[in-house]
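User: I'm new to reading protein structures and I'd like a close look at one part of this one. Could you walk me through the sheet and the helices packed around it?

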Amino acid sequence: MSIWWSLHLKREAASVSLARRLLLGTMETAGVDPDISFDLSVALTEACANAVEHGGCGAGPDGTEAYHVTAYLDGDCCRIEVTDSGPGFPPATVARRRPSLAEHGRGLHLIAELADHVRFRNRPGRGAVVTFDKVLKWRDDALLKVS
């Protein structure tokens, strides 16, 4: 089973809850364990909030500043990617797997703690990308459960 979706969102606070609700709805429909869904939704919320707060300077085709969220549920893994058009992460963040709380706020640290794998990278001149994934667990009554 594979499900994926991608959003092009304005850098506005309201977009964060939209992305979170779409992820939670997708996971509930697929039959993902609620604890896993919650962890991923918190990580997504932090990544989106970071893009809204720090991901500016590049306007989209319609002249508005935007960021992108893509989620993949493939087999027993969920991968989420949040891309913005801001100045990017400091070099120390990109070089480490887990950010230090001394260097950053709690958002990047929470993402790293809630996901099984996380990657922070920069696209020179085009912004930052946060990619994180987590192994999925399924409810017993899941309709789309991976065998």
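Analyst: Here is a tour of the sheet, followed by the helices. One thing to keep in mind is that this is a predicted model.

Let's start with the sheet. Strands of a sheet pair through backbone hydrogen bonds, either parallel or antiparallel. Here, five strands make an open sheet, lined up as β1-β2-β3-β5-β4, and the pairing is antiparallel. At the edges you'll find β1 (2-10) and β4 (117-123); each has a single partner strand, so one side of each is left without a neighbour in the sheet. Going from one strand to the next, the twist averages 10°.

Now follow the strands across. β2 (residues 66-74) and β3 (residues 77-83) run antiparallel and are joined by seven bridges. If you want a spot to find on screen, try His 68, whose bridge partner in β3 is Thr 83. These two strands form a hairpin with two residues between them, and in the turn Gly 75 has a positive phi of about 65°.

On to the next pair: β3 and β5 (residues 127-135) are antiparallel too, with seven bridges. Glu 81 has its bridge partner, Thr 131, in β5. Then β5 pairs with β4, again antiparallel over seven bridges, and there Val 118 stands opposite Phe 132 of β5.

Time for the helices. Helix α1 lies across β1, β2 and β3, and runs at about 170° to β1. α1 (residues 13-30) also packs against α2 (residues 34-54) at an angle of about 155°, their axes 9 Å apart. Because of that angle, which is over 145 degrees, α1 is roughly antiparallel to α2. Their crossing is right-handed. The contact includes Leu 23, Leu 24 and Met 27 from α1, along with Phe 38, Leu 40 and Val 52 from α2. Sorted by class, the residues in this contact are 13 nonpolar, four polar and one charged.

α2 has another partner as well: with α4 (residues 106-114), it packs at an angle of about 150°, and the axes are 9 Å apart. These two helices are therefore roughly antiparallel to each other, but here the crossing is left-handed. Among the residues in contact are Asp 39, Val 42 and Glu 46 of α2, and Arg 106, Leu 110 and Ile 111 of α4. This contact of α2 with α4 divides into seven nonpolar, two polar and three charged residues.

Definitions and conventions:
Residues numbered from 1 in each chain as written. Predicted model: local features only at pLDDT ≥ 70, side-chain atom pairs only at ≥ 80, totals over all residues. Heavy atoms only, no water. Axes fitted to C-alpha atoms, helices over the stretch in contact; angles between N-to-C directions. Helix = DSSP H or I, 4+ residues; strand = E, 2+ residues; numbered from the N terminus. Parallel < 35°, antiparallel > 145°, perpendicular 65-115°, else oblique. Left-handed = near helix turned anticlockwise from the far one by under 90°. Contact = heavy atoms within 4.5 Å. Nonpolar A, V, L, I, M, F, W, Y, C, P; charged D, E, K, R; others polar. Pairing = 2+ DSSP bridges.
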